[in-house]
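Here's a walk through a two-chain model, taken piece by piece. Have the viewer open and follow along.

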Amino acid sequence: MSLRFQDIELGDELPEHRPDIRLEIVREFAGAARMDAAARFTDHDKAREEGLPGAIVPGIMSQGILAAMVHGWSGDGIIERIDTVFRAMVVADTEPICRGVVTDVDPGTRTIVVDLTMQNEAHETTVLGTATVRFSV
Amino acid sequence: MNLDLHSHSIKSDDGRAKVENYCEWIRKKELPLDGFVLTEHRQFDDESDYRNLEDEYGILILKASEVETDYGHVLIFGVNTDMRHAYDFGAINLSLDHVIEASERCGGMAVPCHPGRPNVGLAAHYHERGPVNSVTIIETRNGGSRAGEDEASIHLAEAYGYRGVGGSDAHLVSQIGKCATRFDTPIRNEADLVAALKNGDFEAVSCQT
């Protein structure tokens, strides 16, 4: 059953999401987004030559992962706005954890705000942001 | 009383939290927090008036600033007109020594924050350039710290005899209150806060779960 606005409360937590960011997945995304000319997204060794810790996940991919998490939870909810801040690099072939928690519920507009974070294995927040989601029912 | 001495609202470029939502969150989650201080990046928010929110939620909301110096980021408490003429809050390479001296001369208090953090913290700069004698208080508990950063801050405080405060460094609603400062005396306004900091009647507390 799809999530209904009336069932959502301030403080509700979205199920944790552990995205697949193996290098081959990141490489596919970079190709689809026409970002594969930049080796920092596709090749660990070449990324390290640039001084990076390894091949990194494009920011728009991280934002997409967080948006997909919100969509997966909210069902028919429509993301009206997603706004992310990139604090640290997300490295391919690592295992980050994405979390979301409802921090505002507005019955007048049937919208909610979800705080979003992506943390790396060292519990460092690499991406944070908010999503505003509107519900029709 | 417990105050979160370090938080950001949407007034900061990277802040994503509305002040009213901080209040709602504190009450909904029953956080052990009596108030919080908004420390917007590189500015002092003169225009916002949060007195209605204070009354509605029974939460103290104070205003301060976070500026950027040659020794990292610094929280400025008790901001006033004299202080804002003494140095440029929007600059990114202020002299820490001058910021501390001018803040105190104008009746405020400057507290280096997340000192254990690479690049923007005091410890890294001390390692390269030696200590700044005018520092007396640092932030030893920061809600945004990565592993080892608070430990480095506490070590720095012990090594130099600094007092420690705590703040969440919240940029999202759900981050408020992760760290705070416990005061032995009541704080009602910015002047009380500065006086309590000068008296040393406080300790940093972590509320991380």
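What follows covers the sheets, the contact between the chains, one core residue, the cysteines and two backbone oddities. Keep in mind throughout that this is a predicted model.

**The sheet in chain A**

Let's start with chain A, where 4 strands make an open sheet in the order E1-E4-E3-E2, paired antiparallel. Strand E1 (78-86) and strand E2 (97-106) of chain A sit at the edges with a single partner strand each, so one side of each has no neighbour in the sheet. On average, neighbouring strands here are turned by 20 degrees against each other, direction ignored.

Zoom in on one of the pairings: E2(A) and strand E3 (residues 111-119) of chain A run antiparallel and are joined by 9 bridges. If you want a landmark within that ladder, pick Asp104(A), whose bridge partner in E3(A) is Val113(A). As for what holds such arrangements together, strands of a sheet pair through backbone hydrogen bonds, either parallel or antiparallel.

A helix goes with this sheet too. Helix H3 (residues 59-74) of chain A lies across E1, E2, E3 and strand E4 (125-134) of chain A, and its direction is at about 140 degrees to E1(A).

**The sheet in chain B**

Over in chain B, an open sheet is built from 7 strands, ordered E5-E4-E3-E2-E1-E8-E9, and the pairing is mixed. Its edge strands are strand E5 (109-112) and strand E9 (202-206) of chain B, each pairing on one side only. From one strand to the next, the twist averages 30 degrees.

Within this sheet, strand E3 (residues 60-69) and strand E4 (residues 72-77) of chain B run antiparallel, with 5 bridges between them. One landmark here is Glu68(B), which has His73(B) as its bridge partner in E4(B).

Now for the helices on this sheet. Helix H4 (residues 96-105) of chain B packs on it and touches E3, E4 and E5 of chain B, with its direction making about 145 degrees with that of E5(B). H1(B), meanwhile, lies across strand E1 (2-7), E2 and E3 of chain B and runs at about 150 degrees to E2(B).

**Where the chains meet**

How many residues does each chain bring to the contact? Chain B supplies 13 residues and chain A supplies 18 residues. About 1,300 Å² is buried between chain B and chain A, and carbon and sulfur atoms give 55% of that area. There are also 4 salt bridges between the two chains. Take Glu124(A), which forms a salt bridge with Arg146(B), with the closest N and O atoms 2.7 Å apart.

**A residue in the core of chain B**

Ile138(B) is worth clicking on, and you'll find it in strand E6 (residues 137-142) of chain B. Is Ile138(B) buried or exposed? Its relative accessible area is 0%, so Ile138(B) is buried. Leaving aside residues up to four places away in sequence, Ile138(B) touches a whole list of side-by-side and distant residues, including Val111(B), Pro112(B), Leu122(B), Leu156(B), Tyr162(B) and Val165(B). Ala110(B) gives a feel for the fold: Ile138(B) is 28 residues from it in sequence but 8.7 Å from it in space, C-alpha to C-alpha.

**Cysteines without partners**

Next, the sulfurs. The structure holds 0 disulfides over all chains, and two cysteines of chain B show why, at least for themselves.

| Cysteine | Closest cysteine sulfur | S to S distance | Relative accessible area |
|---|---|---|---|
| Cys23(B) | Cys207(B) | 17 Å | 0% |
| Cys113(B) | Cys179(B) | 13 Å | 0% |

With a cut-off of 2.5 Å for a disulfide, Cys23(B) is too far from Cys207(B) for a bond, and Cys113(B) is too far from Cys179(B). Cys23(B) is buried, and so is Cys113(B).

**Two positive phi values**

Most residues other than glycine have a negative phi. Which values do Glu30(B) and Arg42(B) take? Phi of Glu30(B) is near 50 degrees, and phi of Arg42(B) is near 55 degrees, both positive and neither in a glycine. Glu30(B) lies in the loop between helix H1 (19-28) and strand E2 (35-41) of chain B, and at 70% relative accessibility Glu30(B) counts as exposed. Arg42(B) is in the loop between E2 and helix H2 (51-57) of chain B, where its 26% relative accessibility makes Arg42(B) partly exposed.

Technical notes: Residues numbered from 1 in each chain as written. Chains lettered and ligands numbered in written order. Predicted model: local features only at pLDDT ≥ 70, side-chain atom pairs only at ≥ 80, totals over all residues. Heavy atoms only, no water. Helix = DSSP H or I, 4+ residues; strand = E, 2+ residues; numbered from the N terminus. Buried < 20%, exposed > 50% of the residue type's maximum accessible area, 1.4 Å probe, protein only. Pairing = 2+ DSSP bridges. Axes fitted to C-alpha atoms, helices over the stretch in contact; angles between N-to-C directions. Contact = heavy atoms within 4.5 Å. Buried area = accessible area lost by both parts, 1.4 Å probe. Salt bridge = Lys/Arg side-chain N within 4 Å of Asp/Glu carboxyl O.
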